[in-house]
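Ready to practise reading a protein structure? Have the sequence and the 3D view open side by side, and try each exercise before you look at its solution.

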Amino acid sequence: MYESVIEFTLDTICPWYLPLPSLYPKASQEGEDKYEWYRKSRHGDSEEKMKMYTTLMSAYGVAEGIDYKFGGTVANTLQAHRVIQHYQETKGAETADRIVNSLYKQYFEEERHPSSPETLLRAATDAGVPEVDAKAFIADENEGMMDVKMLIQEQAGNGIDAVPYIVVAGRKRDMTLEGCREVEAYEKALKQVIKEST
């Protein structure tokens, strides 16, 4: 029986779609006001468009049990990616998934900074990483950073310029989904891989 692999490229501050530079490699760690940033950079500095966005996102969130908040800080997320990558390699995909879930909750629902040491420590401990181990890794901001930067470069070299970017590996061909998609698009891709793999 063929077992497909599904690869995800994502960013911890993206609910569904942003250009890959949203990893903000040149943005400061301190960041800036999230609401103002979204209004200016994503909605043409229009309060009306921003209101439409927050209303739409809130409605989507309610349907999924997510209480979106729009305050807080948007900032460089490289440190968050470093933590995710490290624990995916050392503790496995399940731990990395729990870290991502905690980061999403903290950023989108609790208006926390996306990659402050406090946010990262909470995400790691929420995922079951011992606090002393997580503190030591988070404090050394260079450990694993080269690997993360190389992975980002690799993704960019593969033509990935927006997230989420999902590849469902098929026996005959891969199915790729980029940006926000309806559930039906994912179902269609999975069914096609199953069909071509039997």
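Below are four exercises on this predicted model, each with a worked solution.

**Exercise 1. The sheet**

Work out the order of the strands in the open sheet of 3 strands, and find which ones are edge strands.

*Solution.*
- Start with the order: it goes β1-β6-β7, and the pairing is antiparallel.
- Next, look for strands that pair on one side only: these are β1 (6–9) and β7 (175–178), so they are the edge strands.
- Now zoom in on one pair. β1 and β6 (residues 165–168) run antiparallel and are joined by 4 bridges. To find one of them, pick F8: its bridge partner in β6 is I166.
- What holds such pairs together? Strands of a sheet pair through backbone hydrogen bonds.
- Finally, check the twist, which averages 10° from one strand to the next.

**Exercise 2. A helix across the sheet**

Find the strands that helix α8 lies across, and give its angle to β7.

*Solution.*
- Locate α8 first; you'll find it at residues 183–197.
- Then see what it crosses: β1, β6 and β7.
- For the angle, compare α8 with β7, and you get about 170°.

**Exercise 3. Two residues far apart in sequence**

Decide whether G61 is buried or exposed, do the same for E109, and find how far apart the two are.

*Solution.*
- Place them: G61 sits in helix α2 (residues 47–64), while E109 belongs to helix α4 (residues 93–109).
- Use the cut-off: buried means under 20% relative accessible area. G61 has 1%, so it is buried. E109 has 19%, so E109 is buried too.
- Now the distance: 48 residues separate G61 and E109 in sequence, and their C-alpha atoms are 9.8 Å apart in space.
- Check the contacts, skipping neighbours within four places in sequence. G61 touches I66 and Y68. E109 is in contact with G65, I66, D67, K69 and Y104.
- One last detail: the E109 side chain reaches the backbone nitrogen of D67 at 3.2 Å.

**Exercise 4. Positive phi**

Say where D45 lies and where E111 lies, and what is notable about phi in D45 and in E111.

*Solution.*
- Recall the background: most residues other than glycine have a negative phi.
- Take D45: phi is near 60°, a positive value, and D45 isn't glycine. D45 is in the loop between α1 (34–42) and α2.
- Take E111: here too phi is positive, near 60°. E111 lies in the loop between α4 and α5 (117–126).
- Finish with exposure: D45 has 44% relative accessibility, so it counts as partly exposed. At 35%, E111 is partly exposed.

Notes
Residues numbered from 1 in each chain as written. Predicted model: local features only at pLDDT ≥ 70, side-chain atom pairs only at ≥ 80, totals over all residues. Heavy atoms only, no water. Pairing = 2+ DSSP bridges. Helix = DSSP H or I, 4+ residues; strand = E, 2+ residues; numbered from the N terminus. Axes fitted to C-alpha atoms, helices over the stretch in contact; angles between N-to-C directions. Contact = heavy atoms within 4.5 Å. Buried < 20%, exposed > 50% of the residue type's maximum accessible area, 1.4 Å probe, protein only. Polar contact = N/O pair within 3.5 Å; in protein donor to acceptor, adjacent residues only side chain to side chain.
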